[in-house]
Structures are given as structure tokens and as C-alpha cells.
Amino acid sequence: GTRIIYDRKFLLECKNSPVARTPPCCLPQIPGVTSLAQSSLVKLEELKEQNESEEAMPDQDQFEMDI
């Protein structure tokens, strides 16, 4: 068989193409698998809020040192 080798630039261009971002037309709608379930969306929003609040907090020492 013949091996096809793609360069990095071509693969990165394919990644950003509209065809790569469009799901197949015949895909069934399965919540949580092929489409995000409503509960999944809520969980994602909560995780984003937690990450933002953690980033806003300054770094604290994990353990206190007694000398």
C-alpha cells in the first residue's frame, strides 16, 4: 500500500475548516452523546464558574509550616 503523509500546516488548516466543524447530517440526536444534554450544559456552566472563581483567588500555601 501507499502511505499518504500530510504536513502539519495542511492538517491545521483542515482542523479549522467549516466542514470539520459541521456534524454529519445523519447523526441521531442522543442527549449527552451526540448533543449536549441540558444537565450537561448546566454542569459545564458550573465548572466554568468554579474555574473562574479559583483563578480569581490568590495562591495560598497548601500546608502551614510550624517552625
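## Exercises on surface and rings

Leu-11 counts as partly exposed because its relative accessibility is 45%, where partly exposed lies between buried (under 20% relative accessible area) and exposed (over 50%), with a 1.4 Å probe and protein chains only. The model is predicted, so local features need pLDDT of at least 70 and side-chain atom pairs pLDDT 80 or more, while totals for chains, interfaces and linings use all residues. Residues are numbered from 1 along each chain as its sequence is written, and side-chain values use heavy atoms, without hydrogens and water.

**Exercise 1.** Work out which elements the protein chain has, and in what order they run.

*Solution.* Start with the count: three helices and zero strands. Helices (H or I, at least four residues) and strands (E, at least two) are DSSP runs, numbered from the N terminus. Next, read the order from that end: α-α-α. Finally, place two residues: Leu-11 sits in helix 1 (residues 8–15), and Glu-52 in helix 3 (residues 38–56).

**Exercise 2.** Find the aromatic pair and say how its rings are arranged.

*Solution.* There's one aromatic pair in the structure. Tyr-6 and Phe-10 make it, with 5.3 Å centre to centre and 15° between the planes, which is stacked. For the cut-offs, ring centres of Phe, Tyr and Trp (its six-membered ring) must lie within 6.5 Å; planes under 30 degrees apart are stacked, over 60 edge-to-face, and the rest tilted. Now check exposure: Tyr-6 is partly exposed because its relative accessible area is 47%, and Phe-10 is partly exposed too, at 37%.

**Exercise 3.** Say how much of the chain is buried, and how exposed Glu-52 is.

*Solution.* First take the whole chain: buried residues make up 1% of its 67 residues. Then turn to Glu-52, which counts as exposed because its relative accessibility is 54%.
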